[in-house]
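Here are a few exercises to work through with the model open. Try each task before reading its solution.

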Amino acid sequence: MKSYPQALTNPIFKLIGQIADEKQLSCYVIGGFVRDFFLKRPTPNDIDIVCIGSGIDLAKAVAEKLPGSPKVSIFKNFGTAMIKNASFELEFVGARKESYQRNSRKPAVEDGTLDDDQKRRDFTINALALSLNFKNFGCLLDPFDGLIDLDKQIIRTPLNPEETYSDDPLRMIRAIRFATQLNFKISDLSLAAIKQQSDRLKIISKERITEELNKIMMSERPSIGLALLHKTDLLRFILPELIALEGVEEVEGQLHKDNFWHTLEVVDNISAHTDNLWLKWVALLHDIGKAPTKRFDKKIGWTFHGHEYVGSKMVYKLFKRLRLPLNDKMKYVQKLVAMSSRPIVISEEFVTDAAVRRLVFDAGDDIDDLMILCEADITTKNTYKQKKYRGNFVKVRAKIQEVEERDRIRNFQPPISGELIMNTFSIGPSKKIGLIKEFIKDAILEGKIPNQYEAAFELMLEKGNELGLNVTQ
Ligand code: CTP
């Protein structure tokens, strides 16, 4: 049996092993920690410990020996116990014959051997265990050839896949998540089983699905997972709005691009530039309004008029359904989806200062993210067009910088306040104040006056006069 004590340099493992020895329990570290050690990835702080016996008793005994005797959180139904401190999160479980389901309401049965426990786990690469007992400290127990699968870069279930996925259908999306994060292949048998059982995803809570989906989105190439979700039919239960973008239609010899595959490319492109989950969501949803707005116009061909607006209006329902946050993160996604074509429209014409000022004013602090999105949106394979679009954005960026330096439009605060208007003309709150403020703002954005107090004050007097107001002081 091969031994890997070098995986267990953290003194916590020796301590757990010693206590398990005193209690005459066999005990192992298993799951993500072992997998990531062999993958030479940074090992996670949450560490799964399995013992042959009561995981809860072992956890209590370990906590007593730890400095400050940390609290043990016990989840009796699952037969698990957790110790958390600043540097790690230890989860203890007794080996079981039943499937390993964290959120199941089914009570756990704690009477399995290590082998029973391993075969009830999700994937062979997650079933690798290293012994913690003194007599075989660091020995690898790998009855399902997880190490070979790590080497072959394959996601495979320990049992036959129908059984493993039926035990916990969340594993179908977990398989895809691991394939995406690690750039592994899913075994053919697994893929077929997932497709065959895809509708069982319906019994899994939206929160758990979305947690996995976000891990896919946070990967380097989310398209791997999104394409697999589509291929296995799971996407139907998660984001049917995306599937509606698939396909190329032809009318009178005119084609439009396949907006599903285009979207996947945009998500990958943006992932090369950002770790911002919400900007990735913007990329995923930026064309979502194209399915409901698609029309064929005999004169201009395919159109998607107002798809940005329609798309941004779809975000709330979609976020709510997926239990994504309905807070400022959602507002950010709505705003950027709604604005997703603005820099493109500007770049297609002669780039005027006024148009750029309006763009910067409307985007505020999100202007940089919006530009990243637009550049990621270029997926044409036509090198001439690609060059042209990129060149256009270079111009827009230069103009943004120039306008920014000169006019300070970002987070623009009008130089004239409502209060000043009221005091100058001795009037109370009224519609005219709004009119004057809007007039000044427009004049600044249009470049008619500089973004300065004196010029804005002059304009206020002029506009006030026009509205029949008199200066009283
Ligand atoms: N597990 C399982 N079936 C599930 C969830 C988890 O069999 N539906 C098992 C796997 O052995 C997994 C371990 O429980 O390795 C811990 O689960 P979790 O912490 O969710 O995953 P990790 O493998 O630690 O990976 P990550 O931290 O990337 O989520």
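Contact here means heavy atoms within 4.5 Å. Keep in mind that this is a predicted model.

**Exercise 1.** Find which residues of H18 meet which residues of H22, and work out how the two helices are oriented.

*Solution.* Start with the contacts: from H18, Ala354, Arg357, Arg358 and Phe361 meet Lys441, Asp442, Ile444 and Leu445 of H22. Sort these by class and you get 4 nonpolar, no polar and 4 charged residues. Next, the geometry: H18 spans residues 353-363 and H22 residues 431-445, with the axes 8 Å apart and an angle of about 125°. Angles of 65 to 115 degrees count as roughly perpendicular and those over 145 as roughly antiparallel, so H18 and H22 are oblique to each other.

**Exercise 2.** Do the same for H15 (residues 307-321) and H16 (residues 328-338).

*Solution.* Take the angle to begin with: the axes of H15 and H16 cross at roughly 160° and come within 7 Å. Over 145 degrees counts as roughly antiparallel, so that's how H15 and H16 run. The crossing is right-handed. Now the side of H15: Glu308, Gly311, Ser312, Val315, Tyr316 and Phe319 do the touching, and their partners in H16 are Met330, Val333, Gln334, Val337 and Ala338. By class, that's 7 nonpolar, 3 polar and 1 charged residues.

**Exercise 3.** Which of the 15 residues around the ligand come nearest?

*Solution.* Those are Arg35, Arg121, Asp122, Asp168 and Arg177. Then check distances to ligand oxygen atoms:

- Asp122 has a backbone N or O atom 2.8 Å away from one.
- Arg177 puts a side-chain N or O atom 2.9 Å from one.
- Asn126 has a backbone N or O atom at 3.1 Å from one.

Conventions. Residues numbered from 1 in each chain as written. Predicted model: local features only at pLDDT ≥ 70, side-chain atom pairs only at ≥ 80, totals over all residues. Heavy atoms only, no water. Axes fitted to C-alpha atoms, helices over the stretch in contact; angles between N-to-C directions. Helix = DSSP H or I, 4+ residues; strand = E, 2+ residues; numbered from the N terminus. Parallel < 35°, antiparallel > 145°, perpendicular 65-115°, else oblique. Left-handed = near helix turned anticlockwise from the far one by under 90°. Nonpolar A, V, L, I, M, F, W, Y, C, P; charged D, E, K, R; others polar. Near = heavy atom within 4 Å. Polar contact = N/O pair within 3.5 Å; in protein donor to acceptor, adjacent residues only side chain to side chain.
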